[in-house]
Amino acid sequence: MAQIKSFQAIRPAEAKAAEIAALPYDVYSRQEAKAAVAGHPKSFLNIDRPETQFEDGHDMYAPEVYEKARDLIRDMITNGDFVQDAQPGYYLYELTMNGRIQTGIVACASIDDYVNGVIKKHENTREEKELDRIRHIDVTGMQTGPIFLAYRRNETLSAIVSEVKEQQLPCFAFTSEDGIAHRGWTIFEENKIRQIREAFAAIPQIYIADGHHRAASAVKVGLKRRAQYPDYTGEEEFNYFLSVLFPDEELMIMDYNRVVKDLNGLTEAEFLAKVAEKFVTEASETPVFPSQKSEIGMYLKSGWYKLTVKPEYQNVHPVDGLDVSVLQTELLSPVLGIADPRTDSRIDFVGGIRGLSELERRVHTDCAVAFAMYPTSISELFAVADAGLLMPPKSTWFEPKLRSGLFLHEIG
């Protein structure tokens, strides 16, 4: 059963949340991060991407880069930009995007639950991507980016969340530049803390929605601390990692689309003939956003096409039946020669938040074909994780993105 504990958060001082909060570190390239922090000295991106504080040619993984992140956090605490709560509690984090509201419980999850499978994964992680966050957490002694977790709706937790939001004023409230509204609340009442802890203890599975590399990195730092302190009791903060947990019914997964650099030596006519072997192919005068599972939008320089997977290539397997899997198995690999989308430089991935116009732009600049995917559902994600399986890379794009810097967890 899930161990989801309260903690003493380090949070932005009153009225500073909007100035400090930043998108996750991994949505930016190095150049984009450098540009984003310009003129924003208190943005948490300065800390999450500390290489922005050095010259462009500086080794972004050098020891002094992580030491700079540590120093920036300590300076902001000393200056009063951040304050630590005097007692442990849970917190609420509400995000509103285009009128749709989702509210998560901010807490700390157990690294043991991650290791023993109570917290379930649906993606592989790459060690080289983990190493950066391992160093960042290890040197700063802080977990700065929350892991996005999901659970099946629980009546007790829903009731507590509603009650807190109705009866208390937010501890922060602002609208970010992208139009997303952010609000937070504190929960320090002992009875509510007990109810939340016990409700999560009765939930058999928790799922990583987004942040697999951050979760793996936090767990590895925790295990490293255990090795350093063999007399640990299990209560130390390094045994837990910063999370925001959302009920499944409130989450939205957007499409995660594919673009490919070339047609693998085929002419457009030859390529369309190959596609038609396994997909019903219909030309469209308007952009094609798939309306249901087994539909895919495809864009070539000649225009848009609606692809429908032929029945004999559809199946109900939790992974093989995903639209992203069918596209990979029946088209990307055999026709376009993309054997491993994790490593092939000819394929790129475009989050659905960028819209279909971005797919058109890519085809007219640096790609030959684009595929608009029907979004993977949260139930499909749960089914894959419950089966102990893994999704293909870039199967889910969650929006809105959790901001970093609103809640920090000190592990020592």
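The following exercises, each with a worked solution, concern the predicted model shown above.

Residues are numbered from 1 along each chain as its sequence is written, and side-chain values use heavy atoms, with hydrogens and water left out. Because the model is predicted, local features need pLDDT of at least 70 and side-chain atom pairs count only at pLDDT 80 or more, whereas totals for chains, interfaces and linings use all residues.

**Exercise 1. Describe the surroundings of Asn46.**

*Step 1: placement.* Asn46 belongs to helix H3, residues 45-48. Helices (H or I, at least four residues) and strands (E, at least two) are DSSP runs, numbered from the N terminus.

*Step 2: burial.* Asn46 counts as buried because its relative accessibility is 6%. Buried means under 20% relative accessible area, exposed over 50%, and partly exposed in between, with a 1.4 Å probe and protein chains only.

*Step 3: polar partners.* The side chain of Asn46 reaches the backbone oxygen of Ser43 at 2.8 Å. Between the side chains of Asn46 and Gln53 there is a polar contact of 2.8 Å. A polar contact is a pair of N or O atoms within 3.5 Å; within protein, one must be able to donate a hydrogen and the other to accept it, and residues adjacent in sequence count only if both atoms are side-chain atoms.

*Step 4: contacts.* When residues up to four places away in sequence are not counted, Asn46 touches Val37, His40, Pro41, Thr52, Gln53 and Leu72. Contact means heavy atoms within 4.5 Å.

**Exercise 2. Identify the residues with the most contacts inside the largest nonpolar core, and place Leu331 among its neighbours.**

*Step 1: the core.* The largest nonpolar core comprises 63 residues, and Phe271, Leu331, Leu336 and Phe371 have the most contacts inside it. Such a core is a set of buried Ala, Val, Leu, Ile, Met, Phe, Trp, Tyr and Cys residues joined through side-chain atoms within 4.5 Å.

*Step 2: the neighbours of Leu331.* Leaving aside residues up to four places away in sequence, Leu331 touches Phe271, Val275, Phe279, Leu307, Val326, Leu336 and Phe371.

*Step 3: the other core.* Apart from the largest core lies another, of 38 residues, including Ile134, Ile147, Val161 and Ala215.

*Step 4: the helix that holds Leu331.* In helix H11 (residues 323-332), nine of the 10 residues are buried. Leu331 is one of the buried residues of H11, as are Asp323, Gln328 and Glu330.

**Exercise 3. State how many cavities of 30 Å³ or more the structure holds, and describe their linings.**

*Step 1: number and volumes.* There are two cavities of 30 Å³ or more. The largest contains about 110 Å³ of space, and the second largest has a volume of about 60 Å³. On a 1 Å grid over the protein atoms alone, a cavity is a set of points where a 1.4 Å probe fits but cannot get out; lining residues have an atom within 4 Å of a point. Grid points are joined across faces, edges and corners, and a volume is the space filled by probe spheres set on the points.

*Step 2: the largest cavity.* Its lining has 14 residues, of which Ile137, Gln143, Thr144, Gly145 and Arg214 lie nearest the centre. Helix H6 (127-140), helix H9 (212-228) and strand S12 (240-247) are the elements that give two or more residues to this lining. H6 gives the most, with three residues. By class, the lining has six nonpolar, five polar and three charged residues. Ala, Val, Leu, Ile, Met, Phe, Trp, Tyr, Cys and Pro count as nonpolar, Asp, Glu, Lys and Arg as charged, and the others, Gly among them, as polar.

*Step 3: the second largest cavity.* Among its lining residues are Arg258, Val324, Gln328, Leu332 and Phe349. H11 supplies the largest share, three residues. This lining divides into seven nonpolar, one polar and one charged.

**Exercise 4. Compile the backbone features at Ala15, Ser294 and Pro400.**

*Step 1: background.* Most residues other than glycine have a negative phi, and most peptide bonds are trans.

*Step 2: Ala15.* Ala15 has a positive phi of about 75° and lies in the loop between strand S2 (10-12) and helix H1 (17-20). Ala15 is exposed, with a relative accessible area of 78%.

*Step 3: Ser294.* Phi of Ser294 is positive, near 75°. The residue sits in the loop between strand S15 (279-284) and strand S16 (295-300). Ser294 counts as buried, at 12% relative accessibility.

*Step 4: Pro400.* The peptide bond from Glu399 to Pro400 is cis, with omega near -5°. Pro400 is found in the loop between strand S20 (397-398) and strand S21 (409-410).

How values were computed. On a 1 Å grid over the protein atoms alone, a cavity is a set of points where a 1.4 Å probe fits but cannot get out, and a pocket is an open set with protein on both sides within 12 Å along at least five of seven lines; lining residues have an atom within 4 Å of a point.
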